[in-house]
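Biologist: I would like to learn how to read a structure like this one. Could we go through it feature by feature?

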Amino acid sequence: MRYIATIGLEVHVQLKTQSKMFCACPVAYGAPPNSQTCPVCLGLPGALPVMNAAAIEHTLLTGLMLGCRIAPLSKFDRKHYFYPDMPKNYQISQYDLPFCEAGGVELHALAFPKDAQKTAEAGAEKTVGLVRIHLEEDVAKSSHFETSSGIDFNRAGTPLMEIVTLPEITSPEEAFAFLASLRQVLLCGGVSDADMEKGQLRCDCNVSVRPEGQSELGVKIEIKNMNSVSGVRRALASEIGRQIDEVRAGRTLQQETRGWDDAAGRTFLMRTKESAHDYRYFPDPDLPPVHTAGHLAAATARLPELPSAKRRRYAAEFLLSAYDASVLADDAALCGYFEAAVRANPAVKPKSVANWIINDLLAALSASDREISDCLVEPAALGELAGLVENGRINGRQAKEVFAEMFASGARPADIVRERGLEQVSDAGEIEALCDQAIAGNPKVAADVRAGNAAAINFLKGQVMKLSKGKANPGVVGEILERKLRE
């Protein structure tokens with residue numbers, strides 16, 4: 001019997017603000033433990049919270065980017081539970097009036113894992129629906145040692161946005177694509193750095209299996225503590241396999257929370273859930289309801305062109321392939337670089353500029369462990385280099401040499417070409433004399449070409465390039481040799 005998996009995600013996103021959600025303490029990753037605290041985020045009696053307007057605007061901007069309904073009136077609630085990382089014994093969160101509802105995340109082929117990008121699933125257009133986006137405060141970070149545990153309250157109170165999906169994800173690969181697509185949108189809007197290694201994007205997965213043909217969903221099991229997008233994929237694949245094995249063996253699954261051991265490649269039981277938690281939500285009496293109109297206007301003014309729209313525009317306006325458009329549009333800094341290079345060199349084909357960025361610049365940045373923001377090659381200079389090749393002033397081999405110098409020193413390509421004497425020879429008379437010399441020096445090869453061995457002409461092209469010290473225009477060389485050997 002074939003089984004179908006159903007997956008829903010709860011994604012927690014730390015927002016990119018200077019201060020915490022309800023106090024003025026700075027948000028500073030990597031600061032010494034418990035150095036960024038105050039009575040509010042430590043939960044001391046009598047401390048009063050004050051809302052962070054920037055966090056609200058970031059949340060509404062996220063809702064706009066994902067097509068959500070924005071509530072005209074929202075409020076904060078107290079979610080009660082007892083745990084060392086929440087000294088107030090409640091968390092300020094949202095219950096029945098979240099800032100954003102509905103909406104969805106559009107998936108695209110290149111957001112899937114590389115080994116799954118050519119599957120039917122990756123090729124199908126799909127938008128994963130959302131239930132809601134609400135805003136809350138993050139909790140402290142617990143660290144467990146051999147004989148003790150420690151609590152670091154630096155993270156407590158950081159603005160935390162929770163994005164809850166509908167149970168519409170059907171595979172680990174689709175969950176991977178959802179998180180990758182969502183992260184691109186968050187980065188595009190500048191609302192979060194979404195770095196999973198720093199805990200800025202965390203994910204809990206709800207997953208169930210059911211036999212094909214059964215409409216009722218299976219028993220929902222939660223997996224917590226995901227610290228990478230690829231880890232989410234591995235955890236879901238393992239847990240789906242485990243659940244199918246249990247059902248096939250005739251055992252009954254029960255609702256439970258499981259952790260993920262990435263080294264062992266398996267999930268493990270953390271606790272069972274016999275009934276739903278009663279968090280005893282009620283409106284926080286210290287915080288007034290939020291009328292969102294003013295915040296929404298500020299968020300709307302910041303609404304960027306989304307990666308999905310940018311991909312479509314690049315394909316239509318710049319005639320880029322779907323792959324090239326996706327590589328560029330999915331990185332805000334990279335697409336800014338590309339567009340700056342194109343604007344500075346309107347006579348150069350955008351496709352040529354895209355090729356240099358994707359094939360050469362990204363490889364050089366990766367090899368040197370640098371970001372595009374640290375690159376010495378100005379966008380206009382890279383477009384200029386593409387133009388030098390297009391207009392025949394240098395050939396492809398010479399262009400690679402010029403690019404290497406540009407990347408190392410930041411020099412302009414025209415200056416490098418002039419200083420190194422690299423400018424390509426395109427004068428037909430000069431090249432014709434070199435072709436005559438190559439033919440005269442290799443009569444047998446010339447005879448082979450005339451006898452029908454078309455491939456032999458490549459040897460003669462090489463001889464001309466050697467005679468010109470690599471400066472002859474290869475296209476002109478080929479045209480002249482073919483004409484002379486047909487005579």
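Modeller: We can start with a pocket, bearing in mind that this is a predicted model. In the second largest pocket, the largest share of the lining comes from helix 3, which gives six residues.

Biologist: What is the volume of the second largest pocket?

Modeller: Its volume is about 1100 Å³. The lining has 31 residues, and R183, Q184, V327, D330 and D331 are the closest to the centre. Helix 3 (172–189), helix 7 (322–329), helix 8 (332–344) and helix 9 (350–367) are the elements that each give two or more residues to this lining.

Biologist: How many residues of each class are in the lining of the second largest pocket?

Modeller: There are 18 nonpolar, five polar and eight charged residues in that lining.

Biologist: Next, salt bridges. How many are there by the rule used here?

Modeller: The rule looks for a side-chain nitrogen of Lys or Arg within 4 Å of a carboxyl oxygen of Asp or Glu. By that rule the count is 39. One of them joins the side chains of E239 and R242, with 2.8 Å from N to O.

Biologist: Where do E239 and R242 lie relative to each other in the helix?

Modeller: Both belong to helix 4 (residues 229–248), and because they are three residues apart there, about one helical turn separates them. E239 counts as buried, since its relative accessibility is 0% and the cut-off for buried is under 20%.

Biologist: What about R313 and E317?

Modeller: R313 forms a salt bridge with E317, and their closest N and O atoms are 3.1 Å apart. These two are four residues apart in helix 6 (residues 307–317), so they too are separated by about one helical turn. R313 is partly exposed at 22% relative accessibility, and E317 is partly exposed as well, at 47%.

Biologist: Which salt bridge links distant parts of the chain?

Modeller: Take the side chains of E432 and R483, which meet in a salt bridge of 3.8 Å, N to O. E432 is in helix 13 (residues 428–441) and R483 is in helix 16 (residues 474–486), 51 residues apart. E432 counts as partly exposed at 26% relative accessibility, and R483 is partly exposed with a relative accessible area of 33%.

Biologist: Which residues are joined into one network by salt bridges that share partners?

Modeller: That network joins E305, K310, R313, E317, E339 and R343.

Biologist: How many disulfides does the structure hold?

Modeller: Zero. To count as a disulfide, a pair of cysteine sulfur atoms must be within 2.5 Å. For C41, the nearest cysteine sulfur is that of C25, 3.9 Å away, and C41 is in no disulfide. C41 is buried, because its relative accessibility is 7%. C203 is in no disulfide either, with the sulfur of C205 as its nearest, 4.0 Å away. C203 also counts as buried, at 1% relative accessibility.

Biologist: Let us finish with a single residue. Where is F176 placed, and which residues does it touch?

Modeller: F176 is in helix 3. Leaving out residues up to four places away in sequence, F176 touches A111, F112, P113, V229, S230 and R233. F176 is buried, with a relative accessible area of 18%.

Biologist: How far apart are F176 and F403?

Modeller: That depends on whether you count along the sequence or through space. F176 and F403 are 227 residues apart in sequence, and 35 Å apart in space from C-alpha to C-alpha.

Definitions and conventions. Residues numbered from 1 in each chain as written. Predicted model: local features only at pLDDT ≥ 70, side-chain atom pairs only at ≥ 80, totals over all residues. Heavy atoms only, no water. 1 Å grid on protein atoms, 1.4 Å probe; cavity = no way out; pocket = protein on both sides within 12 Å on 5 of 7 lines; lining within 4 Å. Points joined across faces, edges and corners; volume = space filled by probe spheres on them. Nonpolar A, V, L, I, M, F, W, Y, C, P; charged D, E, K, R; others polar. Buried < 20%, exposed > 50% of the residue type's maximum accessible area, 1.4 Å probe, protein only. Contact = heavy atoms within 4.5 Å.
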